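Good morning, everyone. Please have the sequence and the model open while I talk, since I will go through two sheets and then the two ligands.

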Amino acid sequence: MVGVISPTVLHDWLVPGRNLFLAIHVLGIAAFAYIVARRLTPLARAQRDFRFDRPLTRLKRVFKYWLGQWKHPRYKFAGIMHILIFAGFILLAQRAFAVLLLGTEHFPLTGLSGEVGHLYDIVTDYAATIVFLCMIVAAVRRLVFKPARYAVPAKFGKSHTADAVFLLGLIAILMAADSLFAASKTAGSVLRDQPVESLAYFSLPWILQSLIASSSLATLWALNLTAFLVHEITFYFLLCYRPFGIQFHVETSLFSVYFAKLDKGTVKPVRWGVADENLDQVRSFGVKVFEDFTWKHMLDFYSCADCGRCADNCPANAAGRPLAPRFLSIKARDYAFEHYPVFGKADNGKPLIGNIYSEDEIWSCTTCGACEEECPLLIEYIDKIVDLRRGMIDDGNVPQSLQKPLKALESRGNPYGKMEKKKADWAKAKDFQQTCSIKVLDGKNRGAETLYFVDSITSYDDRMQSIGRATARILDHAGENFAILGAAEKDSGHEVRRFGEEMLFQSLREQNTEAIKESGVQRIVTADPHAYNALKHDYKDIPPVEHISQLIAREVKAGKIEFKPVENKGNVYAYHDPCYLGRHNEVYDDPRAVLDAIPGLNRIEMRRSRDRSFCCGGGGLMLFYEPKEEERMGVLRVKMAAEAGANVIVTACPFCMVNIEDAIKVAGLEGKMSAIDLTELVDQQIARKAPENSEAPKLEPATCGG
Ligand code: SF4
Ligand code: SF4
């Protein structure tokens, strides 16, 4: 394309070509700058957000997730198509600018010439063709095949399909114009016997050139100018139209990915820049109106591509609850567009709950993280949902069923309202005490190296207490010098914080931190992923924490724990990844390694496992809240296990155990399916040495953990 005559030399337009194209450039750029500035107005009024740390880590993520399109292949067909379109755009960028600049001067096309230039032209001929075809395929998919994840149920607003298809059409026109420009130029050169490099075989420009090759020079020149003009106008129209719809993500997604949250498992502070001890000076907690969101969260709303992957993986959505994360973004973006219009005055300050979000929608989330894991643009939901809940709590808007457990947490340090002195009763079961008497660190008693943090559900729920006893026996078998806090241990506050009760969480954290420090332990272990996540991410200045599955895996590897073969060879086991062990903390392999170390254990994977695991429905105080739903999440999960051919579900979380056992009954699978915690299975399968010259099993020392 080197040496193309600029259309600016033309004088047979209504105005001289030079002026016409200069006007198009100036108008296009000015309009785009104005529109983007208007779109950014709410961000200037938003809450602070600290996202300027760790620039190298952030850059690496841009390379991986934005440029490298890392998450796209999780949906094979759509993902590969997006990668092709994205790569096409990147490759075509230089060519598009070069063609645009032709309109300003006798402009020798920038950059590439010679062999490299020809190679670039070949590659971009194909790129334009692929992008053009992808636009057609994408439009047909949206209009004819209508994948379910693009659908917009009436309760979530109106469909944006027309907007999406219109934009696909514009891009197709841009590619066609670019190709016709190259085709007519080459055909003209051939007609004039000028030296010309051939177009890429079977590419769109090549096909177009074949079609117009026999035209007169005048026709080719007219086609060339028309293609050029259409390219210029479409380019700027597209640029300025994108900020009005889902395609705005083309401009904003790079920034959303760069500023994305780096630390999994954490929850944002109530107000960035306000220390916990100064929270009493904060006049209003959480998000109540649009401007209470942080600027990054607003940027997320603009960056959402409406691809539906988050909602497709959201268990709340699958269970028919009134929540689909995608629409949290889309509704907020529509709100921003309406209340911060490009033309006209901003009209802000409407309460979000009751206007764009419903209460049930916000309480329906289990904070499982499936949406965030799936989003190719790393858009965040949990922090936004927690902030919206904080806002509701601040207004005294707490669901009826949750008022009692919250009060109990305040007065007794656990959601069940049980007496604190009964906290260690699970360890006093007669048959358990005969083999294992656990030391309680109560201020007078110190000297343990490891603290077993039990947390409320395992301490007080009759069924889950068995997990506590199994954990203690495993720790003892592994030779850990461990103890518990007993009455001094309060609820970890994990669910309380994600429920939005920040001040209550902080009070629980303070009491636990003091007790842990006082105990003098060097490390903490827990069998509850919620406690694990809280202690690891929400607490500060306490010893390192491990989940019991990590400890068992290490001991198995070191040969300190050995297993006897499973008795029932007909059992098929499926491991269910608890959200706060898997997705939020990436502990996927250790529990599986433990299971695989048990001789004769037949383990299979469910359709949704590891980072795509399907939440059982227990997170975010959901054990105490009954949202409107069509089918329980736990029941859906149990059905997935049955589909995979499993008859035993192994999990590593007491919350999962409650839900899954309950779901087995609801699904009518009692007797055909069972659930067991990893600690219970390990405890059952440990090969304990029998005393010499005796067939009776050796009793463990009376005091567990030395
Ligand atoms: S965190 Fe889980 S339940 Fe909540 S919106 Fe995301 S996927 Fe749905
Ligand atoms: S949040 Fe992410 S996954 Fe969900 S629709 Fe938007 S871009 Fe897609």
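Let me begin at L451, whose bridge partner in β4 is I524. Before going on, I should say that this is a predicted model, in which local features need pLDDT of at least 70 and side-chain atom pairs count only at pLDDT 80 or more, while totals for chains, interfaces and linings use all residues. Residues are numbered from 1 along each chain as its sequence is written, chains are lettered from A and ligands numbered from 1 in the order in which they are written, and side-chain values use heavy atoms, with hydrogens and water left out.

Strand β2, residues 450-452, runs parallel to β4, residues 523-526, and three bridges join them; Y452 stands opposite V525 in β4. Strands here are DSSP runs of E with at least two residues, helices are runs of H or I with at least four, and both are numbered from the N terminus; two strands pair if DSSP finds at least two bridges between them. V525 also has a bridge partner in β5, namely E546, and β4 and β5 pair in the parallel sense over three bridges.

These strands belong to an open sheet of four, ordered β3-β2-β4-β5 with parallel pairing. Its edge strands, each pairing on one side only, are β3 (482-483) and β5 (545-547). Helix α23, residues 529-538, lies across β4 and β5 and runs at about 160° to β5, where axes are lines fitted to C-alpha atoms, for helices over the stretch in contact, and angles run from 0 to 180 degrees between N-to-C directions.

The second sheet to look at is also open, with four strands in the order β7-β6-β8-β9 and parallel pairing. Here β7 (602-604) and β9 (674-677) are the edge strands, each pairing on one side only, and the twist averages 35° from one strand to the next. Strand β8, residues 648-651, pairs with β9 in the parallel sense over four bridges, and T651 has D677 as its bridge partner in β9. Helix α28, residues 678-685, packs on this sheet, touching β6 (572-575), β8 and β9 (contact means heavy atoms within 4.5 Å), and its direction makes about 80° with that of β9.

Now to the ligands. Which residues are around ligand 1? They are C314, P315, L323, P325, C365, T366, T367, C368, G369, A370 and C371, where a residue counts as near if one of its heavy atoms lies within 4 Å. Around ligand 2 the residues include C304, C307, C310 and C375, as well as D306, R309 and R326.
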